[in-house]
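Colleague: Could you take me through one part of this model up close, the charged and aromatic side chains that hold helices to each other? I'd like to follow it residue by residue.

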Amino acid sequence: MAEVRLRDHRGFVRFWAADAVSLLGTYVTALALQALAIEDLGASGTEVGVLGAARWLPYLLFGLVAGVLVDRYRRRPVLVGADFARAAVLGLIPLLAVLGLLTVPLLVALVAVFGALSLVYDAAHQSFLPRLVPRSLLTEANARLGQAGAVAQAVGPVVGGWLVKAVGAPVAILLDAVSYLVSGLVLATLRVTERVAPAPSRHLGRELREGLAWLYRHRTLAPLAINSHVWFLFNSVAVTVFPYLVLADLGFDTFALGTAYALSGVGAVLGASLSGPAARRFGAGRVVVVERWLTPLAYLPLPWAGGDARGLVLLCGAQFLFGLAIGLSGPVELAYRQFVTPDRLLGRTSATMRSLNRGAIVLGAPLGGVLIDVFGSQVAVWVAVAGLAGQAVSITCSPVRAARLE
């Protein structure tokens, strides 16, 4: 029997290409939004935190409902429509900036709308992959998606930093709008058979409870989900602090910030390359546990960073280790969840995890901003490190450690 290879699945190749294009633009915009808020609009630490939370607030408010709705419909049209709509929303930001109408509250509102569209896209995205490849290739497929994201993470911030310096943050954001348009066009060319499983009745509350029960009563998925929520809470504190520390406290420019973020992408490429072999040799659970310990170690050097070459090296090293951890664990964790969850529940399970994880960001990002304004960036970093270390201890002692893809 001929070996089944991932590249033989043409639908996945197009899916991967669309994902890579939109992710590249996303990392450009992530940096450009921070620069736009801090440097152009003069946002405070708290306002930067609120901006970070706005992106994920819809996940907290509507995430569970989105999962139910995605499970009711074909997923490809949802992905295409969400991409086109996100392109339109992002295109408004540079338009308003050129007209002199952009303010921090308006930027927060637009980012929240963008987040709502991304919620729908993400719920369909993770549950669509098993339609494109057999279960035996899920880990490899997630690793390839992770590698594409890692490359985008390495290239996007550098490009973004250069673009912000050369032509300004609004133009950099416009490029991301174009990337979502391209992604939607590529996804529209996919030819895949999708069948929506019939349900005896369509009852929103019942379907919500079914998805929640599956996730939070599962022996392994339940502790994995709860620990993930805590991880996102404290990691979002660190993510809020990092650009403020680099741009406002240490006085580096956006190109230096982009370079540090790029090192995170390099680490993620390496981690994604190692994730499959590591999961096969040590088990999916142990790979996740290692990632949970690497994250607080990555942020530990930040309080000692200064505004000189040594400080930039520490910042870049922290981002590299963080990226390595995420690249190593992300594909394995996704593959495990897709492997053990029935197809009819994938949308709800994915949306529940993502919505509550992103809901934790809604709390953590403003918390990081308040900590910056009240106590300073260094104290905010220590709070993040302590919380992430406590979460790592918890997951090490849970059944997650024994999880395997078999």
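Modeller: Sure, let's start with a charged pair: Glu291 and Arg292 make a salt bridge, with 2.5 Å between their closest N and O atoms. Bear in mind as we go that this is a predicted model. Glu291 is buried, with a relative accessible area of 2%, and Arg292 is buried too, at 3%.

Arg292 has another partner. Glu333 forms a salt bridge with Arg292, and here the closest N and O atoms are 3.7 Å apart. That pair links distant parts of the chain, since Glu333 belongs to helix H12 and Arg292 to helix H11, 41 residues apart. Glu333 is buried, just as Arg292 is. Put the two bridges together and, through shared partners, Glu291, Arg292 and Glu333 become one network. As a general point, side chains of opposite charge can pair when their charged atoms come close.

Now stay with helices H11 and H12 and switch to the rings. Tyr299 in helix H11 (residues 284-299) and Phe322 in helix H12 are 23 residues apart, and their pair again links distant parts of the chain. How are the two rings of Tyr299 and Phe322 placed? Their centres are 5.6 Å apart and their planes sit at 35 degrees, so this pair counts as tilted. Tyr299 and Phe322 are both buried.

Phe322 also pairs with a ring from another helix. Trp231 and Phe322 are stacked, at 6.4 Å centre to centre with 10 degrees between the planes. Trp231 is in helix H9 (residues 221-249) and Phe322 in helix H12 (residues 309-340), so this pair ties together parts that are 91 residues apart in sequence. Trp231 counts as buried because its relative accessibility is 6%, under the 20% cut-off. Phe322 counts as buried for a like reason, with 12%. Add Phe232, and you have one aromatic cluster made of Trp231, Phe232, Tyr299 and Phe322. Across the structure there are six aromatic pairs.

Phe322 also leads us to a serine. Ser264 sits in helix H10 (residues 254-282), and its relative accessible area of 1% makes it buried. Leaving aside residues up to four places away in sequence, Ser264 touches Gln153, Gln319, Phe320, Phe322 and Gly323. Its side chain also reaches the backbone oxygen of Gln319, at 3.5 Å.

While we're at H11 and H12, have a look at the loop between them, which is where you'll find Ala305. Ala305 is buried, with a relative accessible area of 11%. Which residues does Ala305 touch, not counting those up to four places away in sequence? They are Leu250, Gly311, Leu314 and Leu315. If you compare Ala305 with Val246, the two are 59 residues apart in sequence, and 9.3 Å apart in space from C-alpha to C-alpha.

For completeness on the charges, the whole structure holds three salt bridges. Besides the bridges in the network, Arg86 forms one with Asp83, with the closest N and O atoms 2.8 Å apart. This time both residues are in one helix: Arg86 and Asp83 lie in helix H4 (residues 75-98), three residues apart, about one turn of the helix. Both Arg86 and Asp83 are buried. Arg86 has a ring to deal with as well, as it lies over the face of Tyr121, 4.2 Å from the ring centre. Arg55 does something along those lines with Trp56: the charged end of Arg55 sits over the Trp56 ring, 4.0 Å from its centre.

Finally, a word on confidence before you read too much into any distance. The mean pLDDT of the protein chain is 82, and 91% of its residues reach 70 or more. Among the elements, helix H14 (residues 377-396) has the highest mean pLDDT, at 93, while helix H3 (residues 57-72) has the lowest, at 74. Where pLDDT is low, the predicted coordinates should not be read in detail.

Definitions and conventions: Residues numbered from 1 in each chain as written. Predicted model: local features only at pLDDT ≥ 70, side-chain atom pairs only at ≥ 80, totals over all residues. Heavy atoms only, no water. Phe/Tyr/Trp six-rings, centres within 6.5 Å; stacked < 30°, edge-to-face > 60°. Helix = DSSP H or I, 4+ residues; strand = E, 2+ residues; numbered from the N terminus. Buried < 20%, exposed > 50% of the residue type's maximum accessible area, 1.4 Å probe, protein only. Lys NZ or Arg CZ within 6 Å of the ring centre and 35° of its normal. Polar contact = N/O pair within 3.5 Å; in protein donor to acceptor, adjacent residues only side chain to side chain. Contact = heavy atoms within 4.5 Å. Salt bridge = Lys/Arg side-chain N within 4 Å of Asp/Glu carboxyl O. pLDDT = per-residue confidence, 0-100.
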